[in-house]
Amino acid sequence: LTPLGALAGPGWVRLEPPAPDLKRALCALIDGDDVWVGYEGGGLILHDEWGQAKRRLTTAQGLPGMTVTALARRDTDLLVGTSDGLARRDEDGAMTVYTTDNGLPDNGITCLAVHDGTVFAGTMKGLAMLRGDSLDVLTEERGLPAAHVTALCSSPLGLLAGTTKGWAIIRGDSVEPHTTERDGLAFEWIS
C-alpha cells in the first residue's frame, strides 16, 4: 500500500488510511487547507494540511454506506456519494441522505458535480439532479445517450455528462446528446 499524498508547504505529506487493511482511496476533495479522502469500505477522512486525520465520517455519523465513491461541494454543503446512496452534510454537520427510497434512480453513486447550484449525481440507472431538497432524474427516455453515467463536469456550455454510449450537454431541463451514431464519436464509453 502506498498512502495517498498531498502537497503541504515545501513538500508532500502522507495521508494514512484509517486502518491498515484499507487499500483503496477512491476520491479526494481539497477543502481549503484540508483534504477529504473517501475510501473503499472505510468511509471518509478529513486530513489537515500536515496529513493528520481531523475527522472521520462513517455510517455511524450518517453516511449511507462505507464505500465513498465521489465528493463535491455546493456552497457550505459537502456532498458524499457512496455505494449505498448520496449524503449532503451541512456546515453544522447534519446529514441528509438520498436513496432509491426517496428518489435516486440507483443507490450506487458513480460521480458528482455541481453546476449552477444544482447537484448532479451519476448512477448506473440515470442522472439525479438535486435542486434544493427536490430530486429529478434524467434517463435515456429524457435524452441521455445511456442511463449509466460515468463522468460529470461543469462547464460554460452546461453540465457535461459522460455515459457508456456517448455524452450529453445538460442545460436546465434540456439534454443535447452526442453519440457514435449521431456525431461519429470514435468511442461510446466516455469517462
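Colleague: Which side chain does the side chain of His178 join in a polar contact of 3.2 Å?

Modeller: A word first: this is a predicted model. His178 is found in strand β18, residues 174-178. A polar contact of 3.2 Å runs from the His178 side chain to the side chain of Asp183.

Colleague: Is His178 buried or exposed?

Modeller: The relative accessible area of His178 is 12%. Buried means under 20%. His178 therefore counts as buried.

Colleague: Leaving aside neighbours within four places in sequence, which residues is His178 in contact with?

Modeller: Asp183, the partner in the polar contact, is one of them. Leu185 and Pro145 are on the list too. The others are Lys165, Gly166, Trp167 and Ile169.

Colleague: Take Ile169 next. Where does Ile169 lie, and is Ile169 buried or exposed?

Modeller: Ile169 belongs to strand β17, residues 166-171. Its relative accessibility is 4%. The limit for buried is under 20%. So Ile169 is buried.

Colleague: Which residues is Ile169 in contact with, leaving aside its neighbours within four places in sequence?

Modeller: One group is Leu157, Gly158, Leu159 and Leu160. Ser174, Val175 and Glu176 also touch Ile169. The list ends with a residue we have met, His178.

Colleague: What distance separates the C-alpha atoms of Ile169 and Arg182?

Modeller: Along the chain, Ile169 and Arg182 are 13 residues apart. In space, their C-alpha atoms are separated by 14 Å.

Colleague: On to the strands. In what order do the 4 strands of the open sheet come?

Modeller: The pairing in this sheet is antiparallel. β11 and β14 are the edge strands, each pairing on one side only. From one strand to the next, the twist averages 25°. The order is β11-β12-β13-β14.

Colleague: How many bridges join β11 to β12?

Modeller: β11 and β12 run antiparallel. Val114 stands opposite Val119 in β12. The number of bridges joining β11 to β12 is 5.

Colleague: What is the phi of Asp116?

Modeller: Most residues other than glycine have a negative phi. Asp116 is not a glycine, yet its phi is positive. Asp116 lies in the loop between β11 and β12, and is exposed at 71% relative accessible area. Its phi is about 50°.

Colleague: What is the phi of Asp75?

Modeller: Asp75 is found in the loop between β7 (68-74) and β8 (77-82). Asp75 is exposed, with a relative accessible area of 72%. Its phi is positive, in a residue other than glycine. The value is near 55°.

Colleague: Now the charged pairs. How many salt bridges does the count come to?

Modeller: Side chains of opposite charge can pair when their charged atoms come close. The rule here asks for a side-chain nitrogen of Lys or Arg within 4 Å of a carboxyl oxygen of Asp or Glu. By that rule, the count is 10.

Colleague: Which residue forms a salt bridge with Arg73?

Modeller: The closest N and O atoms of this pair are 2.5 Å apart. It links distant parts of the chain, strand β7 and strand β3, 42 residues apart. Arg73 is partly exposed at 30%. Its partner, partly exposed at 24%, is Asp31.

Colleague: Which residue meets Lys54 in a salt bridge?

Modeller: The N to O distance is 2.8 Å. Lys54 lies in strand β6 and the partner in strand β4, so the pair ties together parts that are 20 residues apart in sequence. The partner is buried, with a relative accessible area of 16%. That partner is Asp34.

Colleague: In the salt bridge of Asp133 and Arg88, which residue is buried?

Modeller: Asp133 and Arg88 meet at 2.7 Å, N to O. Asp133 is in the loop between β13 and β14 and Arg88 is in strand β9, so the pair ties together parts that are 45 residues apart in sequence. At 58% relative accessibility, Asp133 counts as exposed. The buried residue, at 12%, is Arg88.

Colleague: Which residues are linked with Arg88 and Asp133 in a network of salt bridges?

Modeller: Arg88 and Asp133 meet in a salt bridge. The network holds this pair together with Arg74 and Asp77.

Notes. Residues numbered from 1 in each chain as written. Predicted model: local features only at pLDDT ≥ 70, side-chain atom pairs only at ≥ 80, totals over all residues. Heavy atoms only, no water. Helix = DSSP H or I, 4+ residues; strand = E, 2+ residues; numbered from the N terminus. Buried < 20%, exposed > 50% of the residue type's maximum accessible area, 1.4 Å probe, protein only. Polar contact = N/O pair within 3.5 Å; in protein donor to acceptor, adjacent residues only side chain to side chain. Contact = heavy atoms within 4.5 Å. Pairing = 2+ DSSP bridges. Axes fitted to C-alpha atoms, helices over the stretch in contact; angles between N-to-C directions.
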